[in-house]
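Please open the model in a viewer and keep the selection panel at hand. The tour below proceeds stop by stop, stating what to select and what is found there.

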Amino acid sequence: MTSAAREYDSSQDISIEKKMDTSRALDVGFVRLTLALAGFAGIILIWVILQTTEAALPAMQQFGLGFLVTTRWNPVEDIYGVLPQIYGTLMTSLVALVFAIPLGIGTAIFLTEDFVPKWITAPISFAIELIVAIPSVVLGLWGIFVLIPAVRPIFRAINQTLNWFPLFGGPAPRGNSLLLVGLVLGIMVSPIIISITRSTFESLPRNLRDGALALGATRWETILTVMIPAGLSGIISSIMLAMGRALGETMVAAMLSGNANRINVSLMQPGSTITGLIASQFGEAGRTQVAALMYAGVVLMVLSLLVNVLAELIIRKFQNLQQAN
């Protein structure tokens with residue numbers, strides 16, 4: 001080998017080493033950048049929790065756990081409790097899920113199972129995505145001026161027919177109610193269930209569907225006995241995310257619940273939610289009342305945390321069952 005050739009090989013080795021060093025440095029830099037971003041997100045979350053808890057500390061020390069079971073909210077006497085709001089928050093979220101789950105799963109099946117041509121499903125998908133983009137205050141106004149007059153006769157008919165049932169009893173409904181809040185929340189969260197469930201069905205192996213059809217199953221049997229069980233963890237994830245969204249919604253609850261500070265078992269009557277309480281009273285609150293509102297915010301965060309933990313446990317359980325099968 002000539003000296004020129006050796007010099008050429010040497011320069012090639014140096015060039016390759018430089019490229020490897022550059023590539024390694026970029027990899028390390030990228031990993032550290034993503035680590036920093038993930039850490040920043042965690043720091044923001046911890047910061048919000050600590051600041052909210054610190055602001056709520058005076059109310060926690062003054063009212064203790066009795067805050068959770070007290071039904072009075074009286075700024076004049078400095079008596080605060082959020083039991084009616086906890087009840088309203090949970091009931092409106094459950095009503096939203098009762099409405100959104102069949103709507104979301106049914107729509108996701110329709111969009112993924114090729115019942116109709118793509119030129120029909122494409123605009124439907126686009127319209128569903130647009131629902132997410134509608135501000136909640138606009139949906140609140142729509143609820144007040146459009147939905148209440150439209151559903152009032154229906155609610156009154158249900159009230160008259162099923163007045164013996166506590167959830168639909170009480171005086172004739174006039175307008176704002178927990179049921180109305182739940183319906184609008186159901187409309188708001190249904191795109192979450194549709195989107196995630198649709199992605200879950202699309203990610204399932206094609207041979208699952210083809211195998212069931214080849215064994216003689218009908219289309220509906222394939223959907224109900226193969227596709228839905230196979231995608232159950234994704235469906236449950238979508239439901240839990242939707243519930244978390246319903247728990248934290250503010251404007252719709254503040255505008256449509258009636259902000260009645262009492263527990264009324266009937267969904268046809270006005271009520272209140274934690275977010276509605278905070279939104280409606282924060283502007284005129286004094287020092288103790290602000291601390292009580294922050295305490296209510298902490299309660300809401302704990303409820304959301306419990307929902308997320310429950311969702312994680314359920315998803316892991318179904319994933320373990322699927323792996324075992």
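A residue is called buried when its relative accessible area is under 20%, exposed when that area is over 50%, and partly exposed in between. The model on display is predicted.

**Stop 1: Glu-77 and Arg-72**

Begin by selecting Glu-77 and Arg-72, whose side chains meet in a salt bridge with an N to O distance of 3.0 Å. Glu-77 has a relative accessibility of 46% and is therefore partly exposed. Its partner Arg-72, at 39%, is likewise classed as partly exposed. As general background, side chains of opposite charge can pair when their charged atoms come close. The count of salt bridges in this model comes to four, and two others are visited later in the tour.

**Stop 2: Asp-78**

Move next to Asp-78, which lies in the loop between β1 (73-74) and β2 (79-80). What is the sign of phi at Asp-78? The angle is positive, at about 55 degrees, although the residue is not a glycine. In general, most residues other than glycine have a negative phi. Asp-78 is partly exposed, because its relative accessible area is 33%.

**Stop 3: helices α2 and α8**

Select residues 83-112 for helix α2 and residues 232-248 for helix α8; the axes of these two helices come within 9 Å and cross at roughly 140 degrees. Angles over 145 degrees would count as roughly antiparallel. The angle found here makes α2 oblique to α8. The crossing of α2 and α8 is right-handed.

**Stop 4: the nonpolar patch and helix α4**

Switch to a surface display and select Ile-134, Val-137, Val-138, Leu-141, Trp-142, Phe-145, Val-146 and Met-251. Together these residues form a nonpolar patch on the surface, with about 670 Å² of accessible area. Which helix gives the most to the nonpolar patch? Helix α4 (residues 136-161) does, with six residues. Now isolate Trp-142, one of the patch members, which is found in helix α4. With a relative accessible area of 33%, Trp-142 is partly exposed.

**Stop 5: helices α4 and α5**

Keep α4 on screen and add helix α5 (residues 178-203). The axes of α4 and α5 come within 10 Å and cross at roughly 125 degrees. The two helices are therefore oblique to each other. The crossing of α4 and α5 is right-handed.

Within helix α5, select Ile-194. Is Ile-194 buried or exposed? Ile-194 is buried, because its relative accessible area is 6%. Then select Glu-129 and draw a line between the two C-alpha atoms: Ile-194 and Glu-129 are 65 residues apart along the chain, and their C-alpha atoms are separated by 9.6 Å.

**Stop 6: helix α6**

Proceed to helix α6 (residues 206-214) and select Arg-206 and Asp-210. Their side chains meet in a salt bridge of 3.5 Å, N to O. Why are Arg-206 and Asp-210 separated by about one helical turn? The reason is that they are four residues apart in helix α6. Asp-210 has a relative accessibility of 36% and so counts as partly exposed.

Gly-211 is also found in helix α6. Gly-211 is partly exposed, with a relative accessible area of 27%. Add Ile-131 to the selection: it is 80 residues from Gly-211 along the chain, and the two C-alpha atoms are separated by 36 Å.

**Stop 7: Arg-245 and Glu-249**

Select Arg-245 and Glu-249, which form a salt bridge whose closest N and O atoms are 2.9 Å apart. Which of the three accessibility classes applies to each partner? Arg-245 is partly exposed, at 36% relative accessibility. Glu-249 is buried, because its relative accessible area is 6%.

**Stop 8: Asn-259**

Finish at Asn-259, found in the loop between α9 (251-256) and α10 (274-281). Phi of Asn-259 is near 50 degrees, a positive value in a residue other than glycine. Asn-259 counts as partly exposed, at 32% relative accessibility.

Definitions and conventions:
Residues numbered from 1 in each chain as written. Predicted model: local features only at pLDDT ≥ 70, side-chain atom pairs only at ≥ 80, totals over all residues. Heavy atoms only, no water. Patch = residues over 30% accessible without salt bridge, like charges linked within 9 Å, V, L, I, M, F, W, Y side chains within 5 Å. Areas by Shrake-Rupley, 256 points an atom, 1.4 Å probe, with all protein chains shown as cover. Buried < 20%, exposed > 50% of the residue type's maximum accessible area, 1.4 Å probe, protein only. Axes fitted to C-alpha atoms, helices over the stretch in contact; angles between N-to-C directions. Parallel < 35°, antiparallel > 145°, perpendicular 65-115°, else oblique. Left-handed = near helix turned anticlockwise from the far one by under 90°.
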